[in-house]
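Work through the exercises below with the model open. Each task is followed by a stepwise solution.

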Amino acid sequence: WDPAMEAGTIAQASRAAQLPFIAGHVALMPDAHVGLGCAVGAVIPTSGAIIPAAVGVDIGCGMIAVETTLSAADLPDDLGGLLSRIERAVPAGVGRSHKGRDSGGALDALPRTELTDKQLATAAAQMGTLGSGNHFIEICLDPADTVWAVLHSGSRGIGNQLARRHIDTAKGLMREYAITLPAGDSDLAYFVEGTAEFDNYVEDLLWAQDYARKNRETMMDAVLHQLARVAGPLTERRRINCHHNYTARERHSGKTIWVTRKGAIRAQEGDEGVIPGSMGTNTFIVRGLGNPDSFNSSAHGAGRRMSRTRAKRELSVETLREKMGDRTWLADRAGRLVDEHPDAYKD
């Protein structure tokens, strides 16, 4: 769906498409770019197997958006105070957690999976935290000047730990059984349905996806609480919560298959979804049309056109400040945010 798709992205998706258990074709969304295992922005249908690196290490990463009853007129002229409140309510950054707060109760509502005591403690402490990279929280307006809250995050440290463990296990199985992967790409290592390794991965995968969804819900509740304290009482008109790094069982062309969306949202007819732009551009609320060629999928964001390293090398703090205009943002940390420069992303 992108006329300017990079050759490396197409080549990476083509390698995945050579695997014998691909159930049809690999679809590439317009925001696709080179990733780990398969291109980010790829939709990978499989029958009888799952590629854990194609799901990725941030299992269940996705978006949540809430349309509120507030309008632009309800917001204070200076949003700096609201930004500071949200910063305190939702810890952000690598490894950040809620110190001294027990979030174990939030885990009790999730299906059980086998975790060590240390993993459970980490998962509880990081419930309701944002993480790093391009994870973000945004207060924004739609064309009718209605206030929305939007955020992007996933399964935090515990999802990463579970994913990396299973990716390593899959690679070990490929070596043990001398299975040749396309172009020798070990990141295409897979689990075969019906094996213990497959079952163990799916159990952890589904748990991490549920954790990610609950994490977004918890953060959104905290953001809305702070927004109400600054702008006045509010109610929700609608809440949309969608994964864009995940695997699910779905029916396509009369068959039940696994669909891995590595940077794509489900867009069945009528599905509501959230597609963010960059730090300096709009977020879109969308409704699915049910395109069978994309396995009922759509883009998950703008998609990077520059790696983080290249963005830091070629883009500047000065142009970042220009792009951000009069928005209220973490301007005092602009030097650490150049890799999230709007020009590092596609339109």
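**Exercise 1: a helix pair**

Helix α6 (residues 156-176) packs against helix α7 (residues 196-231) at an angle of about 160 degrees, their axes 10 Å apart. Axes are lines fitted to C-alpha atoms, for helices over the stretch in contact, and angles run from 0 to 180 degrees between N-to-C directions. Helices (H or I, at least four residues) and strands (E, at least two) are DSSP runs, numbered from the N terminus. This is a predicted model: local features need pLDDT of at least 70, side-chain atom pairs count only at pLDDT 80 or more, and totals for chains, interfaces and linings use all residues. Residues are numbered from 1 along each chain as its sequence is written, and side-chain values use heavy atoms, leaving out hydrogens and water.

Task: State how α6 and α7 are oriented to each other.

Solution.
1. Angles under 35 degrees count as roughly parallel, over 145 as roughly antiparallel, 65 to 115 as roughly perpendicular and the rest as oblique.
2. α6 and α7 are therefore roughly antiparallel.

**Exercise 2: a sheet**

Task: Give the strand order of the open four-stranded sheet, then find its edges.

Solution.
1. The order is β5-β6-β4-β8, with antiparallel pairing. Strands pair if DSSP finds at least two bridges between them.
2. β5 (136-141) and β8 (236-243) each have a single partner strand, so they stand at the edges.
3. From one strand to the next, the twist averages 15 degrees.
4. Strand β4 (residues 62-71) pairs with β8 over seven bridges, in the antiparallel sense.
5. Opposite Thr 68 stands Glu 236 in β8.
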